[in-house]
Amino acid sequence: MTFHPADHWTGYLAPPDFEEYSARYADFFRMRREDGIIEVRLHTDDGPYAHTHAAHNVWTRVWQEIGNDPENQVLIITGTGDRWMTGNPKGLNPKPASELEPDHIYQRMTDGWKLIESFANNIDIPTIAAVNGPGVHTEFAMMSDVTLAAPDADFMDPHFWLGSPPGDGQYMALQALMGPKRAAYYIYAAKSIPADKALEWGIVSDVLPREELLDRSWELARFIMKRPRYTRWATHNIVSRHWKKTVTEDFGFHMAHQMLANVASKSRVPDPELLADSEARKLF
């Protein structure tokens with residue numbers, strides 16, 4: 001930036017700088033920045049990112065830190081290796097939500113709620129996602145302005161299959177992009193959406209060989225950076241306007257119903273018996 005508020009405003013309190021927050025969240029995200037372009041790479045021990053409650057908790061703050069830093073002008077999000085994300089469905093919820101303390105339930109609800117709101121409302125710069133392979137929680141990739149995908153990427157929402165309503169944002173994104181009728185079928189039937197179908201249905205912008213994803217992302221980011229800053233800012237707000245509206249109007253309803261059902265059902269999510277149930281999906 002050519003304008004530095006600290007040089008003009010007495011008492012100016014600067015947000016954390018890149019070196020500070022990139023180091024703070026280094027166990028979950030590798031960050032690098034060049035010429036205003038920030039790349040955020042999900043990882044666990046420098047391998048494919050493994051989703052945990054602790055990782056889930058930091059997403060909100062990562063979006064806030066990135067959005068608060070005026071030196072960040074284009075965002076690239078990607079994963080590590082040949083997977084976007086991995087999970088541990090057998091280990092995340094050892095007992096039903098109804099047996100958890102109220103404050104525990106509250107923390108998990110706000111973690112899931114605020115990270116979606118934070119992404120939609122705190123990131124005011126163009127966003128590019130490079131989905132480098134299969135994995136869960138692709139809602140941030142789908143909600144990015146441009147979404148590139150490897151040929152083996154998929155965009156399944158497994159919540160209903162595993163005993164929970166699809167309320168954490170993945171289905172919301174699918175519903176907005178592929179239409180409510182088709183999205184409902186893929187939820188109830190627990191069907192995976194491969195990259196070629198995702199491209200056909202408008203879920204992703206392009207499908208590229210995995211080794212080309214980041215190069216293309218940076219090429220596009222540099223092209224974007226050549227345009228005036230106000231143009232970049234305004235364009236992002238125009239193309240992402242529908243996400244702000246969707247999050248404001250629908251996401252709270254989705255999340256509240258998911259949490260209510262998870263507690264009221266008094267069953268583990270994912271239910272081990274449902275996790276092993278592949279017969280139903282074979283019918284479709």
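**Entry 1. Salt bridges**

I began with the term itself: a salt bridge is a side-chain nitrogen of Lys or Arg within 4 Å of a carboxyl oxygen of Asp or Glu. The model I am consulting is a predicted one. Side chains of opposite charge can pair when their charged atoms come close. I counted by the stated rule and recorded 10 salt bridges.

I then asked which residues are linked in a network of salt bridges. The network joins Arg-32, Glu-34, Glu-39 and Arg-222.

I looked up two of the pairs within this group. Glu-39 meets Arg-32 through their side chains, at 3.1 Å from N to O. I noted that Glu-39 is buried, because its relative accessibility is 5% and buried means under 20%. Arg-32, in contrast, is partly exposed, with a relative accessible area of 36%.

The side chains of Arg-222 and Glu-34 also meet in a salt bridge, at 3.7 Å from N to O. This pair links distant parts of the chain: Arg-222 belongs to helix H8 (residues 210-225) and Glu-34 to strand E1, 188 residues apart. I recorded Arg-222 as partly exposed at 42% relative accessibility. Glu-34 is likewise partly exposed, with a relative accessible area of 34%.

I turned next to a salt bridge between Glu-200 and Lys-197, whose closest N and O atoms are 3.7 Å apart. How far along the helix are these two residues separated? They are three residues apart in helix H7 (residues 195-200), so about one helical turn lies between them. Glu-200 is exposed, because its relative accessible area is 54% and exposed means over 50%. Lys-197 is partly exposed, at 32%.

**Entry 2. The surroundings of His-43**

I located His-43 in the loop between strand E2 (37-42) and helix H2 (53-68). Is His-43 buried or exposed? Its relative accessible area is 2%, so I entered His-43 as buried.

I then looked for the partners of the His-43 side chain. A polar atom of this side chain lies 3.0 Å from the backbone nitrogen of Asp-46. Leaving aside its neighbours within four places in sequence, I found His-43 in contact with Ala-26, Asp-27, Phe-28, Phe-29, Arg-30, Tyr-49 and Thr-80.

**Entry 3. Aromatic rings**

I recorded 17 aromatic pairs in the structure. One of them is formed by Phe-29 and Tyr-49, and this pair is stacked, with 6.4 Å from centre to centre and 25 degrees between the planes. The pair links distant parts of the chain, since Phe-29 is in strand E1 (residues 29-34) and Tyr-49 in the loop between E2 and H2, 20 residues apart. Both residues appear in my list of contacts of His-43. Phe-29 counts as buried at 1% relative accessibility, and Tyr-49 is buried with a relative accessible area of 0%.

I examined Tyr-185 and Tyr-186 next. Their ring centres are 5.7 Å apart and their planes stand at 90 degrees, so I entered the pair as edge-to-face. Tyr-185 counts as partly exposed at 40% relative accessibility, whereas Tyr-186 counts as buried at 13%. The ring of Tyr-186 also has the charged end of Lys-191 sitting over it, 5.3 Å from the ring centre. I noted a further case in Arg-227, whose charged end sits over the ring of Phe-223, 3.9 Å from its centre.

Which residues do ring pairs link into a cluster? I listed Phe-28, Phe-29, Tyr-49, Trp-59, Trp-63, Phe-119 and Phe-140.

**Entry 4. Nonpolar cores**

I looked up the largest nonpolar core, which has 55 residues. Which of its residues touch the most other members? They are Trp-63 and Phe-155. Helix H2 gives the most to this core, with six residues. I had already met Trp-63 in the cluster of ring pairs.

For Phe-155, I set aside neighbours within four places in sequence and listed its contacts: Val-131, Thr-138, Met-142, Ala-149, Gln-170, Leu-174, Ile-193, Ala-198, Ile-203 and Val-204.

I closed the entry with a second, separate core of nine residues. Among its members are Ile-76, Trp-218, Leu-220 and Ile-224.

Definitions and conventions:
Residues are numbered from 1 along each chain as its sequence is written. This is a predicted model: local features need pLDDT of at least 70, side-chain atom pairs count only at pLDDT 80 or more; totals for chains, interfaces and linings use all residues. Side-chain values use heavy atoms; hydrogens and water are left out. Helices (H or I, at least four residues) and strands (E, at least two) are DSSP runs, numbered from the N terminus. Buried means under 20% relative accessible area, exposed over 50%, partly exposed in between (1.4 Å probe, protein chains only). A polar contact is a pair of N or O atoms within 3.5 Å; within protein, one must be able to donate a hydrogen and the other to accept it, and residues adjacent in sequence count only if both atoms are side-chain atoms. Contact means heavy atoms within 4.5 Å. Rings of Phe, Tyr and Trp (its six-membered ring) pair if their centres lie within 6.5 Å; planes under 30 degrees apart count as stacked, over 60 as edge-to-face and the rest as tilted. A charge sits over a ring if NZ of Lys or CZ of Arg is within 6 Å of the ring centre and within 35 degrees of the ring normal. A nonpolar core is a set of buried Ala, Val, Leu, Ile, Met, Phe, Trp, Tyr and Cys residues joined through side-chain atoms within 4.5 Å.
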